Amino acid sequence: MSAFHFMQLMGRYYIIVVMEYCDALINEVSGLCGIVPEYWDIFGNKHIASIETKKAVLKAMRIDADSEEELMKEIHDRKLRPWQNFIEPVHVVSVNE
């Protein structure tokens with residue numbers, strides 16, 4: 001969830017949106033998982049995925065989106081994954097066998 005704060009500066013009012021840490025983690029994990037944050041439909045309307053939608057998709061992927069610890073672990077694992085295996089596993093077979 002995000003918190004809204006109102007601020008007055010030089011006679012004008014501004015709304016400041018403060019994103020919670022957990023929301024930032026959900027955004028990062030969803031990006032690493034390939035969840036598209038927004039899309040345009042065929043009518044030219046832009047749709048932005050809400051935090052709740054991203055959490056639902058992550059839960060469908062068996063990722064606990066309610067736990068900051070689990071989200072941080074998932075971020076670490078997904079960022080490390082490309083460096084764990086440089087090539088796909090192979091099986092070498094001799095033509096003489």
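Let's start on the outside: Leu 80, Trp 83, Phe 86 and Ile 87 make up a nonpolar patch on the surface, and together they offer about 520 Å² of accessible area. Keep in mind that this is a predicted model. One member of the patch, Trp 83, sits in helix 3, which covers residues 68-84. Is Trp 83 buried or exposed? Its relative accessibility is 59%, and since anything over 50% is called exposed, Trp 83 counts as exposed.

Now go to helix 1, residues 21-32. With 12 residues at 1.5 Å each, this helix should span 16 Å, and its end C-alpha atoms lie 17 Å apart, so the expected and computed values agree. Which residues of helix 1 are buried? They are Cys 22, Asp 23, Leu 25, Ile 26, Val 29 and Ser 30. Look down the axis of helix 1 and you'll find those buried residues within an arc of 160°, which means they line one face of the helix. Once helix 1 ends, you come to Gly 34, which has a positive phi, near 85°.

The cysteines are worth a look while you're in this part of the chain. Cys 22, on the list of buried residues in helix 1, has a relative accessible area of 16%. Because the cut-off for buried is under 20%, Cys 22 makes it into that class. Cys 33 also counts as buried, at 16% relative accessibility. And how many disulfides does the structure hold? Zero.

How values were computed:
Residues numbered from 1 in each chain as written. Predicted model: local features only at pLDDT ≥ 70, side-chain atom pairs only at ≥ 80, totals over all residues. Heavy atoms only, no water. Helix = DSSP H or I, 4+ residues; strand = E, 2+ residues; numbered from the N terminus. Expected span 1.5 Å × (residues − 1). Buried < 20%, exposed > 50% of the residue type's maximum accessible area, 1.4 Å probe, protein only. Arc of directions from axis to C-beta. Disulfide = S-S within 2.5 Å. Patch = residues over 30% accessible without salt bridge, like charges linked within 9 Å, V, L, I, M, F, W, Y side chains within 5 Å. Areas by Shrake-Rupley, 256 points an atom, 1.4 Å probe, with all protein chains shown as cover. Salt bridge = Lys/Arg side-chain N within 4 Å of Asp/Glu carboxyl O.
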